[in-house]
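This briefing concerns internal cavities and two polar side chains. Please consult the sequence and the structure while reading the points below.

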Amino acid sequence: MPHTILTDRCEGVAVCVDSCPVACIYPGEGTNAKGTSFCWIAFGVCIDCGICQQVCPVDGAIVPEERPQLQRQRG
């Protein structure tokens, strides 16, 4: 099952983008509810390796389940 980046918790640090072995994480368009940039995961490409969650410095920004209602591509 793919991981999910919680759009409104993400701070756009983007360490996950460089760490992803299948390049399924992308920068979002605009800003989130906190006014920061953010990233999102392409569910159809994610291999559920969990590296993104391990390297993310923002506590709770990535969850190990598919939650499309909590992840947006545009702010």
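The points that follow cover the cavities, then Thr-4, then Gln-71.

The model is predicted. The structure contains two cavities of 30 Å³ or more. Thr-4 is buried, and Gln-71 is likewise buried; each side chain makes polar contacts with backbone atoms, as set out below.

**The largest cavity**

- The largest cavity encloses about 90 Å³ of space.
- Its lining comprises 14 residues, of which Cys-10, Val-13, Ala-14, Cys-16 and Cys-56 are the closest to the centre.
- By residue class, the lining of the largest cavity consists of 12 nonpolar residues, one polar residue and one charged residue.

**The second largest cavity**

- A volume of about 60 Å³ is found for the second largest cavity.
- Several cysteines contribute to the lining of the second largest cavity, namely Cys-20, Cys-24, Cys-46, Cys-49 and Cys-52.
- The other lining residues of the second largest cavity are His-3, Val-22, Ile-25, Ile-47, Asp-48 and Gly-50.
- This lining divides into eight nonpolar, two polar and one charged residue.

**Thr-4**

- Thr-4 belongs to strand E1, which spans residues 4–5.
- Because its relative accessible area is 0%, and the limit for a buried residue is under 20%, Thr-4 counts as buried.
- The Thr-4 side chain lies 2.5 Å from the backbone oxygen of Glu-65.
- The Thr-4 side chain also reaches the backbone nitrogen of Arg-67, at 2.7 Å.
- Beyond its neighbours within four places in sequence, Thr-4 is in contact with Ile-41, Phe-43, Ala-61, Ile-62, Val-63, Glu-65, Glu-66, Arg-67 and Gln-71. Both backbone partners of its side chain, Glu-65 and Arg-67, therefore appear in this list of contacts.

**Gln-71**

- Gln-71 is located in the segment after strand E4 (62–63).
- The relative accessible area of Gln-71 is 11%, so this residue also falls under the 20% limit and is classed as buried.
- A polar atom of the Gln-71 side chain lies 3.0 Å from the backbone nitrogen of Ile-5.
- The side chain of Gln-71 further reaches the backbone oxygen of Ile-41, at 2.8 Å.
- With residues up to four places away in sequence set aside, Gln-71 touches Thr-4, Ile-5, Thr-7, Trp-40, Ile-41 and Phe-43.
- Ile-41 and Phe-43 are in contact with Thr-4, and Gln-71 touches Ile-41 and Phe-43 as well.

Key. Residues numbered from 1 in each chain as written. Predicted model: local features only at pLDDT ≥ 70, side-chain atom pairs only at ≥ 80, totals over all residues. Heavy atoms only, no water. 1 Å grid on protein atoms, 1.4 Å probe; cavity = no way out; pocket = protein on both sides within 12 Å on 5 of 7 lines; lining within 4 Å. Points joined across faces, edges and corners; volume = space filled by probe spheres on them. Nonpolar A, V, L, I, M, F, W, Y, C, P; charged D, E, K, R; others polar. Helix = DSSP H or I, 4+ residues; strand = E, 2+ residues; numbered from the N terminus. Buried < 20%, exposed > 50% of the residue type's maximum accessible area, 1.4 Å probe, protein only. Polar contact = N/O pair within 3.5 Å; in protein donor to acceptor, adjacent residues only side chain to side chain. Contact = heavy atoms within 4.5 Å.
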